[in-house]
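Biologist: I have a structure in front of me and little practice in reading one. Could we go through it feature by feature?

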Amino acid sequence: MKTLIAANWKMHGDFVWTEKPAAFRSMFSDNDRVEILICPPAHMLQAMVGACAGFDISIGAQNCHDQISGAFTGEISAQMVAGTGASHVILGHSERRAMFGDTDEIVAAKTSATRAAGLVPIVCVGESRAVREAGQAEEVGGAQLANSIPEDADGTNLVIAYEPVWAIGTGLVPTLVDIATMHDHIRGCLAKRFGAHIADTIQILYGGSLKPSNAKDILALKDVSGGLIGGAGLEMDSLAAIAAVAP
Ligand code: PGA
């Protein structure tokens with residue numbers, strides 16, 4: 001399995017940023033080992049797909065609706081994302097869960113729609129600080145995982161991201177032991193649901209203040225198959241520095 005290094009640009013970026021893929025490739029080119037994905041805001045999806053042609057960089061959306069089309073002002077469907085040439089969709093990011101009402105049930109419906117459109121969902125789970133301190137991170141993360149993956153999923157075309165809410169954009173990261181324990185737990189939950197041979201093929205990303213200085217140790221952990229990177233993914237030198245230390 002290749003290491004997946006995914007940049008989540010959140011609500012940042014304009015068309016000048018279409019120069020970033022070329023800049024990234026001038027700094028990092030080992031695409032046999034590492035797979036690169038950039039998730040720009042929706043208005044840039046198509047332009048970024050074009051900008052990445054020839055650079056072996058995939059493009060993903062940060063959200064989608066669960067219906068194919070309809071009277072859903074302001075929304076974009078998985079089919080529409082697929083039409084841009086993108087390949088992935090981030091779903092259930094903690095910012096979506098906290099600010100836009102994305103419940104596990106909604107995330108499951110969006111995940112189903114994303115897979116039906118031929119795209120790969122990146123389903124995000126992760127505990128709050130209070131849950132971590134109460135010693136319930138595994139239990140809560142496991143329940144989120146179970147409920148956010150739809151009934152019709154078979155474990156193929158699926159990426160999971162473990163992103164502790166309290167680590168996102170804060171500079172705080174769990175200990176290596178805590179990250180390893182959570183990823184092992186997620187892998188175990190996936191194995192129970194889909195069988196070990198399928199679970200072993202699912203990329204489980206770590207996200208939350210991942211940066212060049214901590215990436216080597218985190219990405220080296222056994223069940224960490226890559227990273228979902230916010231702040232450090234906006235600049236190509238730091239994204240390239242993270243990719244460079246990926247196993
Ligand atoms: P961060 O964001 O790397 O800035 O903590 C990660 C994310 O929100 O996916």
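Biologist: Where is the place of lysine 10?

Modeller: First, a caution: this is a predicted model. Lysine 10 sits in the loop between strand S1 (3-8) and helix H1 (20-27).

Biologist: Which residues does lysine 10 touch, not counting residues up to four places away in sequence?

Modeller: The list is Cys39, Pro41, Gln62, His93, Glu95, Ile168 and Gly230. Leucine 234 gives another view of the fold. Lysine 10 and leucine 234 are 224 residues apart along the chain, yet 9.3 Å separates their C-alpha atoms.

Biologist: Now the strands. What do they form, and with which pairing?

Modeller: They form a closed barrel of eight strands with parallel pairing. Follow the order S1-S2-S3-S4-S5-S6-S7-S8. On average, neighbouring strands in this sheet are turned by 25° against each other, direction ignored.

Biologist: Take one pair. How many bridges join strand S5 to strand S6?

Modeller: Four bridges join S5 (residues 120-125) to S6 (residues 159-162), and the two strands run parallel. Look at isoleucine 122: valine 159 in S6 stands opposite.

Biologist: Which strands does helix H8 touch?

Modeller: Helix H8 (residues 176-194) packs on the sheet and touches S5, S6 and strand S7 (203-207). The direction of H8 makes about 150° with that of S7. Helix H5 lies across strand S4 (88-91) and S5, and runs at about 160° to S5.

Biologist: How do I describe two packed helices?

Modeller: Use two values: the angle between their axes and the distance between the axes. Now try H5 (residues 104-116) and H7 (residues 137-148). Their axes come within 7 Å and cross at roughly 45°. That makes H5 oblique to H7.

Biologist: Which residues of H5 and H7 meet?

Modeller: Asp104, Glu105, Val107, Ala108 and Thr111 in H5 meet Ala143, Gln144, Asn147 and Ser148 in H7. Sort the residues of this contact and you get three nonpolar, four polar and two charged.

Biologist: Last topic, the core. Which residues of the largest nonpolar core touch the most other members?

Modeller: That core has 61 residues, and Ile5, Trp9, Phe24, Ile160, Ile186 and Leu190 touch the most other members. Take phenylalanine 24. Leaving aside neighbours within four places in sequence, phenylalanine 24 is in contact with Ile36, Ile57, Met236, Leu239, Ala240 and Ala243. There is also a second, separate core of twelve residues, including Ala6, Ile122, Cys124 and Leu228.

Biologist: So isoleucine 122 comes up twice. It stands opposite valine 159, and Ile122 belongs to the second core.

How values were computed. Residues numbered from 1 in each chain as written. Predicted model: local features only at pLDDT ≥ 70, side-chain atom pairs only at ≥ 80, totals over all residues. Heavy atoms only, no water. Axes fitted to C-alpha atoms, helices over the stretch in contact; angles between N-to-C directions. Parallel < 35°, antiparallel > 145°, perpendicular 65-115°, else oblique. Contact = heavy atoms within 4.5 Å. Nonpolar A, V, L, I, M, F, W, Y, C, P; charged D, E, K, R; others polar. Core = buried A, V, L, I, M, F, W, Y, C linked by side-chain atoms within 4.5 Å. Buried < 20%, exposed > 50% of the residue type's maximum accessible area, 1.4 Å probe, protein only. Pairing = 2+ DSSP bridges.
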